[in-house]
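Here is a short briefing to read alongside the model. Have the sequence and the 3D view open, and follow the side chains as they come up.

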Amino acid sequence: DVLRAVDRVMADYRLRMPRNAVYGDPGERLPEDHDPEISDYGQALVQFTKDHLDILDPKTTLIILGDVRTNYLDPRDDLLEGLKERCRRVVWLNPEPESLWGEGDSAIPAYRPHCSEVRPCRNLNELSAFISTFMG
């Protein structure tokens with residue numbers, strides 16, 4: 001059973017992720033003091049805005065690489081909107097198959113309006129193709 005196997009791995013490695021971070025249960029929200037090791041794009045955007053807002057300008061292309069999974073935390077898409085306003089463009093490279101975008105805790109629907117481009121990037125060939133297109 002897959003779920004028992006996941007439970008066993010979690011216990012064996014003493015991972016402290018809440019159940020919804022593993023199983024994708026949208027009914028169970030993470031507490032405000034959740035484990036910082038859990039993917040939290042909203043918090044990453046808070047930190048990026050705090051630490052790097054001053055280096056963004058109309059010549060900047062902001063490239064984000066990530067699966068856009070928020071673990072049902074606040075995506076803080078308002079911050080991405082603010083970053084987009086300061087940049088030439090925002091590109092999000094997602095390693096997940098497009099068929100999973102918008103499913104479960106995927107925040108693609110919240111982030112996509114603030115991106116100039118969202119594209120799959122699942123391997124080195126796709127990254128190379130993106131770079132060639134981007135640089136060309």
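The notes below go through aromatic pairs, a buried arginine and one helix.

This is a predicted model. It holds two aromatic pairs, and Y41, W92 and Y111 together form one aromatic cluster. R69 is a good second stop, since its side chain has a polar contact with the side chain of E96 and also reaches the backbone oxygen of E103.

**The aromatic cluster**

- The ring centres of Y41 and W92 are 5.5 Å apart with 55° between the planes; the pair counts as tilted because that angle is neither under 30 degrees nor over 60.
- Y41 sits in helix α3 (residues 41–52) and W92 in strand β2 (residues 89–94), so this pair links distant parts of the chain, 51 residues apart.
- The pair of W92 and Y111 is stacked, with 4.9 Å centre to centre and 20° between the planes.
- Y111 belongs to helix α5 (residues 108–111) and W92 to strand β2, so their pairing ties together parts that are 19 residues apart in sequence.
- How buried is W92? Its relative accessible area is 1%, so W92 counts as buried under the 20% cut-off.
- Y41 is buried too, with a relative accessible area of 15%, and Y111 is likewise buried.

**R69 and its surroundings**

- Where is R69 found? R69 lies in the loop between β1 (61–65) and α4 (77–86).
- Is R69 buried or exposed? Its relative accessibility is 14%, and R69 therefore counts as buried, the limit being under 20%.
- The side chains of R69 and E96 are joined by a polar contact of 3.0 Å.
- The R69 side chain also comes to 2.5 Å from the backbone oxygen of E103.
- Setting aside neighbours within four places in sequence, R69 is in contact with S39, Y41, E96, L100, E103, G104, D105 and S106.
- That list includes Y41, which is also a member of the aromatic cluster.

**Helix α6**

- Helix α6 (residues 124–135) has 12 residues, which at 1.5 Å a residue should span 16 Å; the end C-alpha atoms are 16 Å apart, so the expected span and the model agree.
- The expected span uses one less than the number of residues, which is why the 12 residues give 16 Å.
- At the start of α6, N123 has a side-chain oxygen that reaches to within 3.0 Å of the backbone nitrogen of N125.

Note on methods
Residues are numbered from 1 along each chain as its sequence is written. This is a predicted model: local features need pLDDT of at least 70, side-chain atom pairs count only at pLDDT 80 or more; totals for chains, interfaces and linings use all residues. Side-chain values use heavy atoms; hydrogens and water are left out. Rings of Phe, Tyr and Trp (its six-membered ring) pair if their centres lie within 6.5 Å; planes under 30 degrees apart count as stacked, over 60 as edge-to-face and the rest as tilted. Helices (H or I, at least four residues) and strands (E, at least two) are DSSP runs, numbered from the N terminus. Buried means under 20% relative accessible area, exposed over 50%, partly exposed in between (1.4 Å probe, protein chains only). A polar contact is a pair of N or O atoms within 3.5 Å; within protein, one must be able to donate a hydrogen and the other to accept it, and residues adjacent in sequence count only if both atoms are side-chain atoms. Contact means heavy atoms within 4.5 Å.
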